[in-house]
Amino acid sequence: MKGSKLAVTVDIEDWYHVPAVTGSSFSQYKDVEEFFDNWSGRYDYLSKPTHRTLDMLDELDVKATFFIVADIVDNYPGLVEEIAYRGHEIGCHGMHHECAIHPETKEPLYSKDEYKQLIKQAKRKLEKATGKEIIGFRAPGAYIGGWVLDVLEELGFKYDSSVAKNSLYNKTDSDLDGVGSEPYFPEKGKLVPGTERGLIEYPWPYWKVGPVMVPTAGGPMVRLLGKTIVMSGIKQSLKRGDSVFYFHPLDIAREDFPKVGNSKKRPMYWMFKGKVAEKRVRSILSKLGNKRYSTLSEM
Ligand SMILES: [Zn+2]
């Protein structure tokens, strides 16, 4: 594994931020605002598992990068502040977890200007809450196009970690030709490798078995594929260069989420969450050892 480092990353969003409920072309509610206009029940399924995540990371002596949906600052008083206070890096995961491109056509869902204003507000909100400059981004749902990286660079972001090259899915507007699992400088306006620029991409790991690349960055893959495959992919990717692992506090949430929206269309989506997922995440983090861990800004 040479001297490669692994960044542990945590995506902070609640159940109603997932595309089946809000923020995408096929969502039940147009956006988070419409969700809150119509939702009178309990909404916070995030605070508890986030606290368990923070305690687990303390116990394992890991400093992570938390990609946070900026509206969390308003709806979960003190939560973002606490994550920053406990020594973790804060990155931006959109304003309301809105997808930048259409999940099927990959066409932009915003003009470049609209999107820039939105992410500028999100960056400011997170900076105000944490008192620190926000330089990292992860695209909500990992739906990303080359133009998004240009917007990020114009706003002063230094890195992105959204691109996943693998044989199962491609959530980008690019063929990702020449992209591997190691960090690279994307060509202006595109996601393929180019010459050095003010923004670096930290793509997600995969496990290459013959011609097949199995996505192993974590999140749903920890829940659906289990820890052995995910760990094989991370270890193999670390041989190629620095890599990332990610999970959501939602993955380890123990309660059932409200049944809403098009979640019936995705019956697998929340399978194996809770205690099983928490055990797997803990096991992956302890087995990989904390010596090579890093936040993304310290890569
Ligand atoms: Zn997300």
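This passage describes selected strands, helices, core residues and loop positions of a predicted model.

The nonpolar core comes first. The largest such core holds 70 residues. L6, I68, C92 and L126 have the most contacts inside it. The surroundings of L126 can be listed in detail. Sequence neighbours within four places are left aside here. L126 then contacts I68 and C92. Its other partners are A70, V73, V80, I90 and I134.

Two of these partners, I90 and C92, belong to strand β3, which spans residues 89-92. This strand is covered on both faces. In a regular strand, side chains alternate between the two faces of the sheet. In β3, E89 and G91 lie on one side. I90 and C92 lie on the other. All four residues are buried. Strand β2, residues 65-68, runs parallel to β3. Four bridges join the two strands. Within this pairing, T65 of β2 stands opposite E89 of β3.

A second strand pair is antiparallel. Strand β7 covers residues 206-209, and strand β8 covers residues 212-215. Four bridges link them. Y206 has P215 of β8 as its bridge partner. Together β7 and β8 form a hairpin, with two residues between the strands. G210 sits in the turn. Its phi is positive, at about 60°.

Positive phi values also occur in residues other than glycine. A142 has a phi near 65°. This residue lies in the loop between β4 (136-137) and α6 (146-154). A142 is partly exposed, because 19 other C-beta atoms lie within 10 Å, where 20 or more would make a residue buried. L176 is another such case, with a phi near 55°. Its place is the loop between β5 (159-160) and β6 (200-201). With 18 other C-beta atoms within 10 Å, L176 is likewise partly exposed.

The next contact is between two helices. Helix α8 runs over residues 227-240, and helix α9 over residues 275-288. They pack at an angle of about 35°. Their axes are 10 Å apart. The crossing is right-handed. From α8, the contact involves K227, V230, M231 and I234. From α9, it involves R280, S283, I284, K287 and L288. By class, the contact residues comprise five nonpolar, one polar and three charged.

Helix α9 also contains A277. This residue counts as buried, because it has 26 C-beta neighbours inside 10 Å. Residues up to four places away in sequence are again not counted among its contacts. On that basis, A277 touches V222 and R223. It also touches D251, I252 and F272. Y76 lies 201 residues from A277 along the chain. The C-alpha atoms of A277 and Y76 are separated by 24 Å.

K259 is found in the loop between β9 (243-247) and α9. K259 is exposed, because only 7 other C-beta atoms lie within 10 Å, and the limit for exposure is 12 or fewer. P205 is 54 residues away from K259 in sequence. In space, K259 and P205 are 32 Å apart, C-alpha to C-alpha.

Technical notes: Residues are numbered from 1 along each chain as its sequence is written. This is a predicted model: local features need pLDDT of at least 70, side-chain atom pairs count only at pLDDT 80 or more; totals for chains, interfaces and linings use all residues. Axes are lines fitted to C-alpha atoms, for helices over the stretch in contact, and angles run from 0 to 180 degrees between N-to-C directions. A crossing is left-handed if the near helix is turned anticlockwise from the far one by less than a right angle, and right-handed if clockwise. Two residues are in contact if their C-beta atoms, placed from the backbone, lie within 7 Å. Ala, Val, Leu, Ile, Met, Phe, Trp, Tyr, Cys and Pro count as nonpolar, Asp, Glu, Lys and Arg as charged, and the others, Gly among them, as polar. A nonpolar core is a set of buried Ala, Val, Leu, Ile, Met, Phe, Trp, Tyr and Cys residues joined through C-beta atoms within 7 Å. Two strands pair if DSSP finds at least two bridges between them.
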